[in-house]
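User: I am new to this structure and would like to go through it step by step. Could you take my questions in turn and give the reasoning behind each reply?

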Amino acid sequence: MLLFREKVPADWLPKILANLPAVLVDHAHLERKAATTALNLEKYRDLYPRVEELNAIAIEELQHFQLVLDLLKRRGIPFGQPHPSLWISGLMKSVRNGQRHQVIDHLICCSLIEGRSCEKFQILVRELKSIDAELAKFYASLVESEGNHYANYILMARAIDDAETDRRLDFFLDLDAELIREPNPLPMLH
Ligand SMILES: [Fe+2]
Ligand SMILES: [Fe+2]
């Protein structure tokens, strides 16, 4: 299902495993932003018929946000400041203006973010099993939902314009492959 052209860099996992409390704070913000993003997509005319589906995604992301906050509380990790993701802002910078162009690009970016989350959560499930079973179970519980969001957003773009979605997906997959190779010293999911 996931069609990425570049693997997650080898230095990502050790950096994550060595900084799990900071990663969980970053993850909390990621879910918060995913909820607001689903709501922001409702501004596009082409997505008015999808408003209830988008609300459902926003509610699910807000529930994920709350689950991460609960985890932070249980572990005595204070909720803190978010770090901007250069990978996400790099993708979003290429969203074109113009109603139809913008909605398709925006949906593709959201889809790739959800897809990369799904992929990275799967890596964490595998790697955390022997280190932190509770966290491994938690990430396993999110994989299906983020995978569905990845598919939902791509299908929404395809329903607006299938050929244009293919064309722009090609562009954004190349951009993702380029951006994911950029070094990021911070312990962030993206
Ligand atoms: Fe989520
Ligand atoms: Fe999601």
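User: In which helix is the place of Ala28?

Analyst: This is a predicted model, and the reply rests on its computed helices. The run of residues 20-40 forms one helix, and the place of Ala28 is in that run. The element asked for is therefore helix 2.

User: Does Ala28 count as buried or exposed?

Analyst: A residue is buried if 20 or more other C-beta atoms lie within 10 Å of its own. Ala28 has 22 C-beta neighbours inside 10 Å, and therefore Ala28 counts as buried.

User: Which residues does Ala28 touch, leaving aside those up to four places away in sequence, and how far in space is Ala28 from Gly80?

Analyst: Not counting residues up to four places away in sequence, Ala28 touches Phe65, Val68, Leu69, Leu72 and Phe79. Gly80 lies 52 residues from Ala28 in sequence, while the distance in space between the two, C-alpha to C-alpha, is 9.4 Å.

User: How are helix 3 and helix 6 oriented to each other?

Analyst: Helix 3 (residues 51-74) and helix 6 (residues 133-160) pack with their axes 12 Å apart and at an angle of about 155°. Angles over 145 degrees count as roughly antiparallel, and so helix 3 is, with respect to helix 6, roughly antiparallel.

User: Which residues of helix 6 are met by helix 3, and what classes make up the contact?

Analyst: From helix 3 the participants are Glu53, Ile57, Glu60, His64 and Leu71, and they meet Phe138, Leu142, Ser145, His149 and Asn152 in helix 6. Sorted by class, this contact of helix 3 with helix 6 has 4 nonpolar, 4 polar and 2 charged residues.

User: What is the relation between helix 5 and helix 7, and what is the handedness of their crossing?

Analyst: Helix 5 (residues 99-128) and helix 7 (residues 162-179) pack at an angle of about 50°, their axes being 10 Å apart. The two helices are therefore oblique to each other, and the crossing of helix 5 and helix 7 is right-handed.

User: How many helices and strands does the protein have, and what is its radius of gyration?

Analyst: The protein has 7 helices and 0 strands, and its C-alpha atoms fill a box of roughly 45 × 35 × 30 Å along the principal axes. Because a compact globule with 190 residues would have a radius of gyration near 16 Å, the value for the protein agrees with that expectation, at 16 Å.

How values were computed:
Residues are numbered from 1 along each chain as its sequence is written. Chains are lettered from A and ligands numbered from 1 in the order in which they are written. This is a predicted model: local features need pLDDT of at least 70, side-chain atom pairs count only at pLDDT 80 or more; totals for chains, interfaces and linings use all residues. Helices (H or I, at least four residues) and strands (E, at least two) are DSSP runs, numbered from the N terminus. A residue is buried if 20 or more other C-beta atoms lie within 10 Å of its own, exposed if 12 or fewer, and partly exposed in between; C-beta atoms are placed from the backbone. Two residues are in contact if their C-beta atoms, placed from the backbone, lie within 7 Å. Axes are lines fitted to C-alpha atoms, for helices over the stretch in contact, and angles run from 0 to 180 degrees between N-to-C directions. Angles under 35 degrees count as roughly parallel, over 145 as roughly antiparallel, 65 to 115 as roughly perpendicular and the rest as oblique. Ala, Val, Leu, Ile, Met, Phe, Trp, Tyr, Cys and Pro count as nonpolar, Asp, Glu, Lys and Arg as charged, and the others, Gly among them, as polar. The radius of gyration is taken over C-alpha atoms; the globule rule is 2.2 Å times the number of residues to the power 0.38. A crossing is left-handed if the near helix is turned anticlockwise from the far one by less than a right angle, and right-handed if clockwise.
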